[in-house]
Amino acid sequence: MLLNNILYAIKLLTEKKIRFGKTFIQKVLYLALPKVERDLYYIPYYYGPYSENIQLLLRSLEFSNYITYNYKSQNYSLQRDIDVKQEDTTKQRIKGVIDFLVNNHIKSTNKISNLAKVFMILDANDSLNNGHKVENLIELIKKRANFVGWIELSKLDKENIEDLIKLSKNLAKTLPN
Amino acid sequence: MFLLSTFEIKSFLVRDPIYDFIEIPEEFKPIVDHKLVQRLRWINQLPLEQLVYPSAQHSRFEHSLGVMYLAMLAANSLINNSSKQLNDAFNQDDNYKKFGDKKRKKFFILAAGLAGLLHDVGHAPFSHTLEHACEHANINYRYNHEEIGYLLTEKLFEDTGIINEPYSKTTINALNKKLNTLHRDITPIDKIIRELIDGPIDVDKGDYTIRDSYHCGTPYGIYDIQRLWRNIVINPEDYTIAVNEKGALEAWALTLQRYRMYKNVYLHHVRNITDAMLIDIIVSTIEKVKRRKNKLELIPAWNSANEISNENNLTKFIFWTDNGMLKVIAEINASAITRIESFLKRDIFKRGKVINLQGYPKALEVAASKNKNEKFILLDKLRELKKKMLKEKSIQFDFLIEREMIPPVFDKKVQEDIRVNIKDKKYVSLAEYLNFSLQNSDIKKKKVTNDTEEDIYPSVNYNLHLFIKKSNKNKINYISEEVKKLLTDFNTIA
């Protein structure tokens, strides 16, 4: 259920003292959701993978005072104590993604957006878990990024794209299925 | 205005109330004559709206021909206005790069026309109503006209021997929504055709907005067709469809008129009431036959979309039309006959209350969910309440959950997606071009953060509409409170 997963992600991000807005949390959930749900809810958008449903639920949670957004500290905070009872696979994946972001010092919206974009391209081409040559993958990323209007990503130098590919593959390996 | 002879495409003509004449390429004759396409003559484009606007008797066949024609007109404009971008796209496509300029253009026109002609071929009788009814019913299947349409398109191309034509391959890729645009198999040409048929500004909307308006006898859907579709270009940044400055106002007109059509026609309360009524009839029939052999009479693709490829089921599909389905329902579900009669003679419930689901996140989550099983949980509870009210209090009510439409000024499509090509090859959003971009507004500036997507656009919303039998009208407040209680209980977030 998306709603529970959104609240769980907000709770963990707050605990880890990570600043996050709508884009950041969209990308965290994109990286964490199982493939079926990623494909169901997300489309490639200007800022990377985007889910209208997640946007809708964030608004509704704000409207119903479950969460508030503080524009000064640029952060969501929970307004009620949410007891997350089930430690299901998706929640383990959310935790895995957030730990991964902390360990790899990925704190900016820009960095997580680029990571999510690369992850999305590799995922769409079944290249997250296989041994394609890095050069081919760099070419694939550049071509497809350009194709959907992710111009900044397509213009990144090879080293940066290679780094994002490695991060995506490591993340995919780290997360439980 | 004849356009196909320019590309050495032989054609024949049919009369059309919107475009006067529609040119149909000779290559399409076996497709148009195929039983799967001819079936669309018997599927009403607005089967429920005609209970409000009696002259709305046009078919999906007529609309499909219209979209085909408009797609070819638009493709012709892209050839004229964006030749460089189009050539770049041709050169990246194995299906096109081996051909010379003339053939490439001809195939491009044909691919656009075919995708337009076949974009609705998978529609069920009563179209979206049947799809919603599958969500309400306790079955593990959801009818998806796009998925079915894609399978039928492949079947049509095999039957007519054009499966290996370059333009057929483009059409198939454009209609196969399972492949998202990041997939390596989707070429720029595939994407352009897909955007033309299903994008922020596309020929499907371009045709139905004006055609439905014409047949309803309303003035809501009128825009300047030629001005818009002759002034479109390819945005070289991402191969999306943009408009040039001459077309910008008409892109806005189409968006606005479509909104007027939604408010006055597609979401008319009588249409919503009959939608709920028909969903109820179909669901009760589905539940009656779900363990019986004759369930395929009701939905020829009951278990999976692939079922349709079986010849027997395909024949059932051909007879699966608006009237055909009502007849089948009456035959297999005698208890529905009275309700079908009420539907046919427009003896319907009255408007009750509207509950905004934004205050009920859990209900909103399942209402908007793309997972059928999740969605069913709430719908089933509401249906249970409906039964309980009838049994215990003799109160008859009905409900419909509906996605609200955002006014176009605030719509992301207008604020961001539809692009206008201005001087120096620059592209800006339609809202920015027309000077009402929220990106530049004072409200936006107050909320600027380092978060690039921290927008202030209103989010889509879902409403729960309650309808009530005329004789129970004084009970609507009671029903509304009961439904709110149900939503509050449902709202427990663990």
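Colleague: What makes you call helix 10 of chain B mostly covered?

Modeller: This is a predicted model, and in it 10 of the 10 residues of helix 10 (residues 188-197) of chain B are buried. A residue counts as buried if 20 or more other C-beta atoms lie within 10 Å of its own. B:P188, B:I189, B:D190, B:K191, B:I192, B:I193, B:R194, B:E195, B:L196 and B:I197 are buried, so each of them reaches that cut-off.

Colleague: And how much of chain A counts as buried?

Modeller: Of its 177 residues, 45% do.

Colleague: Why does the radius of gyration of chain A agree with a compact globule?

Modeller: For 177 residues, a compact globule would have a radius near 16 Å, and chain A has 16 Å, so the two agree. Along its principal axes, the C-alpha trace of chain A spans about 50 × 30 × 30 Å.

Colleague: What is chain A built from?

Modeller: Nine helices and four strands. Following the sequence, the pattern is α-α-α-β-β-α-β-β-α-α-α-α-α. Among contacts in chain A between residues at least 6 apart in sequence, 68% join residues at least 24 apart.

Colleague: How do you describe the way two helices pack?

Modeller: By the angle between their axes and the distance between those axes.

Colleague: Then why is helix 6 of chain A called roughly perpendicular to helix 9 of chain A?

Modeller: Their axes cross at roughly 70 degrees and come within 9 Å. Angles of 65 to 115 degrees count as roughly perpendicular, so this pair earns the name.

Colleague: Which residues meet there?

Modeller: From helix 6 of chain A come A:N114, A:L115, A:V118, A:F119 and A:L122. They meet A:L164, A:I165, A:L167 and A:S168 in helix 9 of chain A. By class, that contact has seven nonpolar, two polar and no charged residues.

Colleague: Now for the two chains together: how many residues does each bring to the contact?

Modeller: Chain A brings 41 residues and chain B brings 31 residues. To be in contact, two residues need C-beta atoms within 7 Å.

Colleague: Which helices of chain A each supply at least two residues to that side?

Modeller: Helix 1 (2-15), helix 2 (22-32), helix 3 (35-41), helix 4 (52-63), helix 6 (109-124) and helix 7 (134-147) of chain A. The largest share, nine residues, comes from helix 4 of chain A.

Colleague: And what classes of residue make up the side of chain A that touches chain B?

Modeller: There are 24 nonpolar, 11 polar and six charged residues on that side.

Technical notes:
Residues are numbered from 1 along each chain as its sequence is written. Chains are lettered from A and ligands numbered from 1 in the order in which they are written. This is a predicted model: local features need pLDDT of at least 70, side-chain atom pairs count only at pLDDT 80 or more; totals for chains, interfaces and linings use all residues. Ala, Val, Leu, Ile, Met, Phe, Trp, Tyr, Cys and Pro count as nonpolar, Asp, Glu, Lys and Arg as charged, and the others, Gly among them, as polar. The radius of gyration is taken over C-alpha atoms; the globule rule is 2.2 Å times the number of residues to the power 0.38. A residue is buried if 20 or more other C-beta atoms lie within 10 Å of its own, exposed if 12 or fewer, and partly exposed in between; C-beta atoms are placed from the backbone. Axes are lines fitted to C-alpha atoms, for helices over the stretch in contact, and angles run from 0 to 180 degrees between N-to-C directions. Angles under 35 degrees count as roughly parallel, over 145 as roughly antiparallel, 65 to 115 as roughly perpendicular and the rest as oblique.
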